[in-house]
Amino acid sequence: MLAPVVAGFVLHPVLHYEPSIVALLGAGLLVAVSTAETSEVLSEVEWPTLAFFAGLFIMIGGLIDTGVIDEVSKALADAIGTNELGGSLTMLGASAVLSGVVDNIPYHVTWWALALGADLGGNATAIGASANVVVLGIAERNRQPITFWQFTKYGLIVTAVTVAVSLGCMRLRYSAPA
């Protein structure tokens, strides 16, 4: 079942099926051919995690539709102007801070500073990255719950160190002679 699902992901632009539909079709077919009870399979699904991400993407969609994302982008572009170093360092720092409280998947762009800040900043809190939310759900299911503040206590240290290293790398990148 894995091979057709992966093929569906790769071919989704040609087949005109969204990856979510491919995944659901694969899951449905797997349940249909499996000897496992449907209720047993459904009890293993991380429903709170799925609800969290559904709400998150609805919120992001609302911010896009209402023009909030567009206005923030324009304000940032106006503030940065043509200063590449200042803009990059500002984006790295701001995206690291924002990514600690806003999931980093819908937040990415190809700009290195934003990508580094968004990825590394996602380590700061339990809700900063998809993987963090999933790990907390798995830990709780295995009776080893990790609180938001326990995660954050260590996450902030990891984030501070990795963002500091990235700031140094960005500084070298934009201030080194061409």
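The numbered points below comment on the salt bridges, a covered helix, a nonpolar surface patch and a pocket in this structure, which is a predicted model.

1. Salt bridges, overall. The count of salt bridges in the model comes to three. Two of them involve arginine 141, which pairs with glutamate 44 and with glutamate 46, while the remaining one is formed by the side chains of lysine 74 and aspartate 70.

2. Arginine 141 and glutamate 44. In this pair the closest N and O atoms are 3.1 Å apart. Arginine 141 belongs to helix H8 (residues 130-141), whereas glutamate 44 sits in the loop between helix H3 (38-43) and helix H4 (47-65), so the salt bridge ties together parts that are 97 residues apart in sequence. With a relative accessible area of 51%, glutamate 44 is exposed; since the threshold for that class is over 50%, the label should be read together with the value itself.

3. Arginine 141 and glutamate 46. Here the closest N and O atoms are 3.0 Å apart, and the pair again links distant parts of the chain, with arginine 141 in helix H8 and glutamate 46 in the loop between H3 and H4, 95 residues apart. Glutamate 46 counts as buried because its relative accessibility is 18%, and the cut-off for buried is under 20%. Arginine 141, at 37% relative accessibility, counts as partly exposed.

4. Lysine 74 and aspartate 70. This salt bridge has an N to O distance of 3.1 Å, and it lies within helix H5 (residues 68-80), where the two residues are four apart and therefore separated by about one helical turn. In general, an α-helix has 3.6 residues a turn, so residues three or four places apart point the same way. Lysine 74 counts as partly exposed at 44% relative accessibility, and aspartate 70 is partly exposed as well, with a relative accessible area of 39%. As for shared partners, salt bridges join Glu44, Glu46 and Arg141 into one network.

5. Helix H7. Helix H7 (residues 112-121) is mostly covered, with seven of its ten residues buried. The buried residues are Ala113, Leu114, Ala115, Gly117, Ala118, Leu120 and Gly121, and they pack against two other helices, namely H6 (84-99) and H9 (148-175).

6. Nonpolar surface patch. A nonpolar patch of about 1100 Å² lies on the surface, and it is made by Leu2, Val6, Phe9, Val10, Leu11, Val14, Leu15, Tyr17, Ile21, Leu24 and Leu25. The elements giving two or more residues to the patch are helix H1 (2-15) and helix H2 (19-33), with H1 giving the most, at seven residues. Valine 10, one of the patch residues, is placed in helix H1 and counts as exposed because its relative accessibility is 61%.

7. Second largest pocket. The second largest pocket has a volume of about 340 Å³, and its lining consists of Ser20, Ala23, Leu24, Ala27, Leu30, Val31, Ser34, Val41 and Val45. Helix H2 supplies the largest share of that lining, with six residues. A reader comparing this point with the previous one will find Leu24 both among the residues of the nonpolar patch and among those lining the pocket.

Definitions and conventions. Residues are numbered from 1 along each chain as its sequence is written. This is a predicted model: local features need pLDDT of at least 70, side-chain atom pairs count only at pLDDT 80 or more; totals for chains, interfaces and linings use all residues. Side-chain values use heavy atoms; hydrogens and water are left out. Buried means under 20% relative accessible area, exposed over 50%, partly exposed in between (1.4 Å probe, protein chains only). Contact means heavy atoms within 4.5 Å. Patches are made of residues with over 30% relative accessible area and no salt bridge: like charges are joined within 9 Å, nonpolar side chains (Val, Leu, Ile, Met, Phe, Trp, Tyr) within 5 Å. Accessible areas come from the Shrake-Rupley method with a 1.4 Å probe; for residues, only the protein chains shown count as cover. A salt bridge is a side-chain nitrogen of Lys or Arg within 4 Å of a carboxyl oxygen of Asp or Glu. On a 1 Å grid over the protein atoms alone, a cavity is a set of points where a 1.4 Å probe fits but cannot get out, and a pocket is an open set with protein on both sides within 12 Å along at least five of seven lines; lining residues have an atom within 4 Å of a point. Grid points are joined across faces, edges and corners, and a volume is the space filled by probe spheres set on the points.
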